[in-house]
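Please take a moment to look over the sequence and the model before reading on. The paragraphs that follow lead you through the structure step by step, beginning with a question about one side chain.

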Amino acid sequence: MRPWLPAALILLQTQTGLRAEGVARAGALEPIARMKAWMSAVQQHEPGTADAAAAAIAGWSPFELHELSADLVIFLGRIDGAHLFKPRARPAPRPSSPRPRPVVYAIRALAEELLPGTGPEVSNQFLKRAALLHADVAMLTPRMEIPAPLPEQPYYPKSTPNRASSDPIVVDTDDGVAGDLERPTLHWQLGRTVLSAIAPDPARDETVRLWYRASVAYLEAQERFGDCHLHLIPTLEAVPGDARLLFYAGALHEAYASASLQAAADSMRSRGLRSVVRSVDNELEEAEGFYRKALAADPGFAEARLHLGRVLGLRGRHPEAATELRQAITQLKDPQLVYYGELFLGREEAAVRHRLEAREHFERAAALYPRAQSPQLALGLLARAHGDRPAALQSLRNVVALPPDEGDREDPWWEYLLSHVRNVDALLDELRRPFATRSKP
């Protein structure tokens, strides 16, 4: 049984000047050689594996990836055949030095090698494979950590408030305490960039939609909330109105409101670091907004309604929360989600002193998972609040009688904030399957 969010990665914005331009350029490939190496890696990579092609791209420095991102604008503008490519969200970075006209022509010539004779199928297939390559590099290869230890002084100098830009840094957290620093990977950005050139409209392409869903699900399942925060903003612009992605955004902010991540953000601020995690009230408000948007896009999205009900309860709107939870429970089929619904609805009934109704819901939750401690503790607290000492003691005895090993208690409550991405492996398999060139052993 996992403890409550033992480790997470939260984002901070810091004016350190750790941009790609400042990275040593020794051994960096020239633009044409870099584009050829990239194209070869895209064509040779087996999706879902950390093969030689992925390892080669993973070995590129932030400077080389930055330069690749800039050159891709030239490359992709030629692939669409009409220079219609417009990077979504942020514009692509400028190269460290202007590209000579022969280099631009050479990059365009490389792109024209992919142009199909009668339609965009070949270039679309290549671009999707490129996005899979960068996703696999981000997921399956080692990450680059910032070698300097976490400083005691503020990480961004207050004497330079007018720097041109700030750089995001990801902070590893453990049990509410800020730890090591990491650079956010550029590979998610590169994946988004190539998918933006899918014809005729990337937002309507099912592979694009699945890539975004699977990538966000992966980052949340791995508790890489900082990377997810950076990835979600352009994701919601690239695939607007997608109920599942809006739901993931709500889940991110609901996690930000948790005690563990709030404590981690406080730990960061105490050491002079700026976190994107805001107050509990602000994060719950954000979560509610995204859950409502998800339900507007898909009114039958019962899991989103379940989360909305919990968030409303945490915001003190108990009758409204109870209404949403009752509707969610009638629609849910997954026993684990029903368990959450019964626990949350029991808490909402208890909040308005409906003891009998609350007890009924807690007992239903206990029946679904007899070895779970949460329903028994909830029953004990309910009995104590109403002065029923014998019932409270019996609930405690029931908890004591449970297996001593937490792993044997089978209480889904500990996994609630990650329960919505339990299917991440299935999503990734579905995404990669059409592009596999060899069967799995």
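Is Phe-75 buried or exposed? Because its relative accessible area is 0%, and a residue counts as buried when that value is under 20%, Phe-75 is buried. Before this result is placed in its surroundings, it should be said that the model is a predicted one.

The overall make-up of the protein gives a setting for such a residue. The protein contains 18 helices and three strands, and of its 441 residues, 51% are buried. Its accessible surface amounts to about 20200 Å², and carbon and sulfur atoms account for 53% of that surface. If one takes the contacts between residues at least 6 apart in sequence, 75% of them join residues that are at least 24 apart.

With this setting in mind, we can return to Phe-75 and ask what surrounds it. Leaving out neighbours within four places in sequence, Phe-75 is in contact with Met-35, Trp-38, Met-39, Ile-107, Leu-110, Ala-111, Leu-114 and Phe-126. One of these residues, Trp-38, is itself buried, because its relative accessibility is 0%. Both residues also appear in the largest nonpolar core, which has 111 residues and in which Trp-38, Leu-72, Phe-75 and Trp-211 are those with the most contacts. A general tendency is worth recalling here: in soluble globular proteins, nonpolar side chains tend to be buried together.

Aromatic rings offer another way to follow the fold, and a search of the whole structure finds 16 aromatic pairs. Trp-38 and Phe-75 form one of them, an edge-to-face pair with 5.5 Å from centre to centre and 90° between the planes. This pair links distant parts of the chain, since Trp-38 belongs to helix H1 (residues 31–44) and Phe-75 to helix H3 (residues 62–79), with their positions 37 residues apart in sequence. Both partners count as buried, because Trp-38 has a relative accessibility of 0% and Phe-75 has a relative accessible area of 0%. The rings of Trp-188 and Tyr-218 have their centres 6.5 Å apart and their planes at 45°, and therefore this pair is tilted. Because Trp-188 lies in helix H6 (residues 187–195) and Tyr-218 in helix H7 (residues 206–221), the pair ties together parts that are 30 residues apart in sequence. Trp-188 and Tyr-218 are both buried. Elsewhere, ring pairs link Tyr-339, Tyr-340, Phe-344, Tyr-369, Trp-413 and Tyr-416 into a cluster.

Helix H6 also holds Val-194, which is buried because its relative accessible area is 0%. Which residues does Val-194 touch, not counting residues up to four places away in sequence? They are Trp-38, Leu-72, Leu-76, Leu-127, Ala-130 and Ala-131. In addition, the C-alpha atoms of Val-194 and Ser-69 are separated by 9.4 Å, although the two residues are 125 residues apart along the chain.

The loops deserve a look as well, and we may begin with the loop between H6 and H7, where Pro-200 is placed. A cis peptide bond, with omega about 0°, joins Ala-199 and Pro-200. In the loop between H7 and helix H8 (225–238) lies Glu-223, a residue other than glycine whose phi is positive, near 60°. Arg-353, found in the loop between H14 and helix H15 (355–368), likewise is not a glycine and has a positive phi of about 60°. As for their surroundings, Glu-223 counts as buried because its relative accessibility is 5%, whereas Arg-353 is exposed because its relative accessible area is 56%.

Glu-348 lies in helix H14 (residues 335–351). Is Glu-348 buried or exposed? Because its relative accessibility is 2%, Glu-348 counts as buried. Apart from residues up to four places away in sequence, Glu-348 touches Gly-313, His-318, Ala-321, Ala-322 and Leu-325.

Finally, the surface has nonpolar side chains too. Leu-377, Leu-393 and Leu-396 form a nonpolar patch on the surface, and together they have about 230 Å² of accessible area. Leu-377, which is placed in helix H16 (residues 374–385), counts as partly exposed because its relative accessibility is 35%.

Notes:
Residues numbered from 1 in each chain as written. Predicted model: local features only at pLDDT ≥ 70, side-chain atom pairs only at ≥ 80, totals over all residues. Heavy atoms only, no water. Helix = DSSP H or I, 4+ residues; strand = E, 2+ residues; numbered from the N terminus. Buried < 20%, exposed > 50% of the residue type's maximum accessible area, 1.4 Å probe, protein only. Contact = heavy atoms within 4.5 Å. Areas by Shrake-Rupley, 256 points an atom, 1.4 Å probe, with all protein chains shown as cover. Phe/Tyr/Trp six-rings, centres within 6.5 Å; stacked < 30°, edge-to-face > 60°. Patch = residues over 30% accessible without salt bridge, like charges linked within 9 Å, V, L, I, M, F, W, Y side chains within 5 Å. Salt bridge = Lys/Arg side-chain N within 4 Å of Asp/Glu carboxyl O. Core = buried A, V, L, I, M, F, W, Y, C linked by side-chain atoms within 4.5 Å.
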